[in-house]
Each structure stands twice: as C-alpha cells, then as structure tokens.
Amino acid sequence: MHATAIAPANIALVKYWGKRDRALNLPAAGSISVTLGGLETRTSLRFDDDLEEDRVTLNGAMDAGTTVRVRRFLQFVRERFDVAFHAHVETENSFPTGAGLASSASGFAALALAVDKALGLDLPPAALSALARHGSGSAARSLVDGFAEMHPGTREDGEDAYATQLAAPDALPLSVVAAITTTAPKTMSSSEGMEHCRKTSPYHAAWIGQVAIDLEAMRTAIAAADLGAVGEIAEHNAMCMHADMLAARPPVRYWNAGTVTVLDHVAELRTSGTDAWCTIDAGPQVKVL
Ligand code: 2P0
C-alpha cells in the first residue's frame, strides 16, 4: 500500500488549451509534446487506514491548491478502484512550481504511477495515461518517452483520451533550454485560464481549428525529422494559443517583460544563423527549442 515514483515534465509542441468535459478532464483537441529530462517530480504515496483525510506536502510544506487537486484525484482513485483508505502524499519538484514549467504534468504522472504501484494495479500504458489525465490533462503525456501525442477521444466516458508515443526520444536532435523569467507563482491556473478563454475569447474556436492543422503538420515534420519545421510550427502554435488568451475578456496575459526580452534574443539568434525557436506555456517562462 505504499510506493515512490518519479515522472518527468513535458513541453507541448502543439498545445492543449481547452476542454470538452471538465468533470472527466477531457481535452477539446489533441496535442503533441516532447518529454523532458532534468525537470521531474518525485512522489511518495502511502495509504493508511488511520487517516481521516489525505495529507499532502509539496516540497516539504502544505500547499492549499495542491492539496485540493490531489484529494480530488485520490477520491476518484478510491471510487474507481474500491479503496477505503486515505493517503500520505509527499511530492518534490526539481524545478519552480506553478510558474509554467509543467509541474502538474510531472506531478500527476508521478502520482498516477505511485497509485498503480501502491495498489498493485499493473495498468496497461493507455489506462495509466488516462488515469493521469484525470489529475491533469498534460500529465497523460508525461508517461510517454520521447514524442507523445495526446488523443482527445470521442467516448463520453473519456477512456479513449490518453497519450501514445509518436516517435522515440532520439528521433530529432532537439534540446530545450528553459529561460526562467520569474519564480513567482502564476496568477491564474491553466484550468481556469482555458475555461475563461472558452467562454470569452472570440478567437477560441479559431484556436481549436488551428490545433487540428498544426497536429497534422507536426506529425509530418517529426516523421521527417525536420527540425526546422518542428520549431517553426511549435513557435507559431504557441503564439496562436497566447493570441486566444490575449483576446479573452479580461485578457489572460502570462508574459512579463523578461518573456519578451527572451523572444527578442531568440529572433536575433535565428537571424544570425542559429536554429532556435520559442515556445511558451501558461506562464512567463520561455522554452527555447
Ligand atoms: C500544454 N498547458 O499543452 C498546455 C500549454 C498549458 C499551456 O497543458 O486543467 O495543467 O490540469 O488539465 O494540464 C496546462 O494544462 O491543465 C497545459 P488541466 P494542465 O502543455
């Protein structure tokens, strides 16, 4: 009834930003990511029949937002797998939390793995990915090595919404540098931000349409190991997602002045002949491909 698991973060090359079902946490569209080395979450889980509620620590301290999300996930686990106990959860990130470095992706991937091990479930990869998705949509991709594609699925119960491998880690000679522009937590969670865009941004439907186009182009670029095309599509896709955010009312703006400075630097690098492209998630950090 106890286990420790480690899972990596991932960076989306075609982003997930919009849900088709909030209760089951189902994405409105697919996404493509690459799993990252160096940024990871380590989670220890212990079910305990003496506990009356789940006890959660993040980097050694209580964190209200994390506790709420972990309890919701563990409640789903208790109902799905008929478990009577609450749990101790200790989770550590090797990078700043909640600042757009995909901590919920590595966090819920590690927690899903720990649940699988602690309960001896031995879930197949698709079911494990779908389980992680209940915690966080992007977590479904962190259980895949290399390049992952998240399938939005069509089933009402969402069990066909999981990630599979698109290409092995060495399919492309790609490195990712994360430029940290601030370590402050972000002001609006991804879940809130994407729902606000769905409700108020006149560009949201266009964004969802663009994802379908970019998924097709990205699959082709990865299969051809065309790094230039991967970088160009990824940067354009990220800018389209942020256009959707900026068009919301009031706008969702995760960028700071440092974010724009890094974008300028990367544009200069490219002009001077270095292959480099930017992508930005729901936070102020810039990841340079
Ligand atoms: C992504 N993001 O594809 C996109 C890019 C943020 C911007 O996946 O509500 O934390 O937990 O399913 O997974 C962040 O969304 O959202 C995310 P929930 P999640 O990486």
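Two strands are taken as paired if DSSP finds at least two bridges between them. Helices (H or I, at least four residues) and strands (E, at least two) are DSSP runs, numbered from the N terminus. The model is predicted: local features need pLDDT of at least 70 and side-chain atom pairs count only at pLDDT 80 or more, while totals for chains, interfaces and linings use all residues. Residues are numbered from 1 along each chain as its sequence is written, and side-chain values use heavy atoms, with hydrogens and water left out.

Strand E4 (residues 31-48) runs antiparallel to strand E1 (residues 2-14), to which it is joined by 11 bridges. Within this pairing, Ala 5 has Thr 43 of E4 as its bridge partner. E4 also pairs in the antiparallel sense with strand E6 (residues 86-93), over eight bridges, and Asp 48 is there matched with His 86 of E6. Four bridges connect E4 to strand E7 (residues 147-150), again antiparallel, with Ser 33 opposite Ala 148 of E7.

The ligand is surrounded by 18 residues (a heavy atom within 4 Å), the closest being Lys 19, Arg 69, Gly 137, Ser 138 and Ser 191. Helix H4 (residues 190-200) contributes the most to this shell, with three residues. By class, the shell holds six nonpolar residues (Ala, Val, Leu, Ile, Met, Phe, Trp, Tyr, Cys and Pro), five charged (Asp, Glu, Lys and Arg) and seven polar (the others, Gly among them). Polar contacts to the ligand (pairs of N or O atoms within 3.5 Å) include one from the side chain of Tyr 16 to a ligand oxygen atom at 2.7 Å. The side chain of Ser 136 likewise has an N or O atom 2.7 Å from an oxygen atom of the ligand, and for a polar side-chain atom of Arg 141 the distance is 2.8 Å. Of the 470 Å² of accessible area that the ligand has on its own (Shrake-Rupley method, 1.4 Å probe), the protein covers 94%.

The structure holds 13 salt bridges (a side-chain nitrogen of Lys or Arg within 4 Å of a carboxyl oxygen of Asp or Glu). In one of them, Arg 270 and Glu 235 approach to 2.9 Å between N and O atoms; this pair links helix H7 (residues 257-271) to helix H6 (residues 227-246), 35 residues apart. Glu 235 is buried (under 20% relative accessible area; exposed is over 50%, partly exposed in between; 1.4 Å probe, protein chains only) at 16%, whereas Arg 270 is partly exposed at 31%. Asp 281 and Lys 287 form another salt bridge, at 3.3 Å. Asp 281 is buried at 13%, as is Lys 287 at 4%. Salt bridges with shared partners connect Arg 22, Glu 195, Arg 198 and Lys 199 in one network.

Key
Polar contact = N/O pair within 3.5 Å; in protein donor to acceptor, adjacent residues only side chain to side chain.
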